[in-house]
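User: I'm new to this structure and would like to know how the labels people put on it are justified. Can you take me through some of them?

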Amino acid sequence: MEHDASAAVARDGELVAAISEERLSRKKGQWGYPWRAIDACLKLAGITREQVDYFVVALNKVPAHYFSRPTWAKETREAVYRAKRDLQGRPHEITLSVNEFVDEVKRHKRLLVDLFREEVFRKEGFKNAKLVFTDHHHTHAVTAWYYSGFDDALVLTIDCVGASFVNDYEKLHDLVSLQHAHFMPLSHSISCAQNGRIIRESQSDLSGSPGNFYGIVTQSLGFISPRHEGKVTGLAAWGTDTTLDAPFQQVLQLSPSKTYFQTVLTSRVSPNLSEEKHHFIKSVIKGHTRENVAGAAQRTLEKAVVEHVREVAKRTGLRKIACAGGVFGNVKLNQHIMELPGIDEIFVFPAMSDAGLAAGAALMPAITTGLPVKPARISNVYLGPGYTNHEIKRILDKSKTKFKYRQLLPEERARQVAQLVADGKIVGLFQGRMEFGPRALGNRTILANPTDPQINDWLNKRLSRSEFMPFAPSVLAEACPGIFENFEKSSYTAKFMTITYTVKEKWRSRMAAVVHIDGTARPQAVSREDNPRYYDIIKEYEKITGSPVVLNTSFNVHEEPIICKPEEAMRALEEGRVDLLVIEDFLVNLHDEAVMNSRDEAAVSPEKEA
């Protein structure tokens, strides 16, 4: 319920729906109580709020309107705020920091259970649900291991910070046990997952936070944290000057035992260590290019984390690693972990940021109540809403803009879309259920031909994005080992576009638009079992061009979430972001009669037309 607020529903330990609130509110990185996502997930699961057994909150936050304040004065002020928010139509946006609120309750010698406004919780429809809380980093660890399919593994979680329990981190806590819990702010945990349990081996507090360090660098470069860290990773490939490496390693380094992260800075300028880091980094980067600042930050992060993994893997003998937490949105870091000789396989949970906490929290009741929940691989993350052809047609017909459209025949659809991409068209692809997580994986995707090395300039401008950000390829899974080095060590996590690989030399010119300046690419390995309609488009593209690679970028413009609804795709067409749309089986355009009237003769024979 902090940044990247999300909701998920699991039934008997099986994830059936998961949505980030930003996709519905249309506010990037939406904070607060994800009430839209909750209702959308319940609808997809085919249940009502009344049928929910557990309402699980992953720390740090809890909805503010579910609790009274511990003093009369604070409750009076909050009641006024609640009334204002109700009048403004945003009653659920405010959340409370759980550990701070619990500390406040203790100071005033009140009971948390007495301050719970149960009548509000029940009135909102959760008549039978039990409100429980789960540890932040343990919940990240649950998503990493339980969706990895590994029997035994190292489980690594790294982010900026999250509230965790000193003891009993594996348990669900009700309001009574929550009041007696001891909290600590963690930025990292390393655990051994064996025999059905995740046992924490070591951890780092906020002072040595890798996520905090990278976020401060992001802000110091004029970007927004926690949204633009990927821009820093993209810039880093151009940064070769190592002058800043030594000062940055004062802010983030591995402990002598190599089991946790630390800083050697002390609070000299500011009593707040995080502010001290801000001051230090801003002072040392003066006169340096943003590329060299980014490069030094990336090398500092990689040096600390990779050496940590190397040491713990050697000590434990565990050769598979499952990862979650916002830092693992850093695909270059993930590549370096994967390339360690002591690691046989890596898995990064697709929704690695705090958005993914919802997926872990939804599993916790099944795990803690003894249901036979074992680590199992997920074939896809198409867990959001979808639309039928009938619904699409109704939306198109009701639109004020008179779109030209026609329904593609099943036998021509893949070939038609592939031909448009091969001809250089920018195609917005909207099909099936929406993806969960930050990556577009073929269902809310923009497709283009990957051969034009100048596309980074003109397509990024068209989408109002930073020109240095690389695009990514979607590749037929069976072709990936021949294109990417070390692909076999992470073929599963490559389904979700969470790792980069070095592209083999002979392929770099053939897919120049999706190869970064450092010779790497961040592919999605597409199999027919996982997404047959997307696979068929790429397969037809291969027949036309000889290449099993298309350019795939998320269907959104800069600072907007990936689209969710057909109307949002249609708006992108109206604004000229894409040339054409394929929404389910409809080919949609504003003009270009030739395209709209064309038929793929290779797919549609005269006999079929008759």
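Analyst: Sure, we'll go label by label and set each value against its cut-off. Keep in mind that this is a predicted model.

User: Let's start with Val102. Why is Val102 called buried?

Analyst: Buried means under 20% relative accessible area. Val102 has a relative accessible area of 2%, so Val102 counts as buried. You'll find this residue in helix H4, which covers residues 98-107.

User: And which residues does Val102 touch, leaving out those up to four places away in sequence?

Analyst: Those are Leu112, Leu178, Gln179 and Phe183. A contact here needs heavy atoms within 4.5 Å. For Ala18, the C-alpha to C-alpha distance from Val102 is 29 Å, and the two are 84 residues apart in sequence.

User: Now charges. What makes Arg227 and Glu559 a salt bridge?

Analyst: The cut-off is a side-chain nitrogen of Lys or Arg within 4 Å of a carboxyl oxygen of Asp or Glu. Arg227 and Glu559 come to 2.2 Å, N to O, so the pair qualifies. This bridge ties together distant parts of the chain, 332 residues apart. Arg227 sits in the loop between helix H9 and helix H10, while Glu559 is in the loop between strand S21 and helix H22. In general, side chains of opposite charge can pair when their charged atoms come close.

User: Are those two buried or exposed, and how do you know?

Analyst: Neither label fits: partly exposed lies between buried, under 20%, and exposed, over 50%. Arg227 has 34% relative accessibility, so Arg227 is partly exposed. Glu559 is at 30%, so Glu559 gets that label too.

User: How many salt bridges does a search of the whole structure find?

Analyst: The search finds 34. One of them joins Glu307 and Arg310, with the closest N and O atoms 2.9 Å apart. Asp397 and Lys393 also meet in one, at 2.9 Å, N to O. There's a network as well, linking Arg413, Arg533, Glu584 and Asp585.

User: Why are Glu307 and Arg310 about one helical turn apart?

Analyst: Because they are three residues apart in helix H13 (residues 290-316). Glu307 is partly exposed with a relative accessible area of 22%, and Arg310 is partly exposed at 41%.

User: Where do Asp397 and Lys393 lie?

Analyst: Both are in helix H16 (residues 389-398), four residues apart, or about one turn of the helix. Asp397 comes out at 41% relative accessible area, which makes Asp397 partly exposed. Lys393 is partly exposed too, at 36%.

User: On to the sheets. What makes S14 and S20 edge strands?

Analyst: The sheet they belong to is open, has eight strands with mixed pairing, and runs in the order S14-S23-S22-S15-S16-S21-S17-S20. Strand S14 (404-407) and strand S20 (524-526) each have a single partner strand, so one side of each has no neighbour in the sheet. The twist averages 30° from one strand to the next.

User: How do you know that S15 and S22 pair?

Analyst: Pairing needs at least two bridges between the strands. Four bridges join strand S15 (residues 427-430) to strand S22 (residues 580-583), so they pair, and they run parallel. Phe430, for example, has Ile583 in S22 as its bridge partner. Helix H21 (residues 532-545) lies across S15, S16, S17, S20 and S21, at about 85° to S17.

User: What is the order of the five-strand sheet?

Analyst: The order is S9-S8-S7-S12-S13, again an open sheet with mixed pairing. Its edge strands are S9 (197-205) and S13 (345-348), each pairing on one side only. S8 and S9 pair in the antiparallel sense over eight bridges, and Ser189 stands opposite Gln203 in S9. H9 packs on this sheet, touching S7 and S8, and its direction makes about 65° with that of S7.

User: Last one: what makes Val113 fit in a nonpolar surface patch?

Analyst: Patch residues need over 30% relative accessible area. Val113, in helix H5 (residues 112-115), has 41%, so Val113 clears that cut-off. Leu111, Val113 and Val176 form the patch, with about 250 Å² of accessible area together.

How values were computed: Residues numbered from 1 in each chain as written. Predicted model: local features only at pLDDT ≥ 70, side-chain atom pairs only at ≥ 80, totals over all residues. Heavy atoms only, no water. Helix = DSSP H or I, 4+ residues; strand = E, 2+ residues; numbered from the N terminus. Buried < 20%, exposed > 50% of the residue type's maximum accessible area, 1.4 Å probe, protein only. Axes fitted to C-alpha atoms, helices over the stretch in contact; angles between N-to-C directions. Patch = residues over 30% accessible without salt bridge, like charges linked within 9 Å, V, L, I, M, F, W, Y side chains within 5 Å. Areas by Shrake-Rupley, 256 points an atom, 1.4 Å probe, with all protein chains shown as cover.
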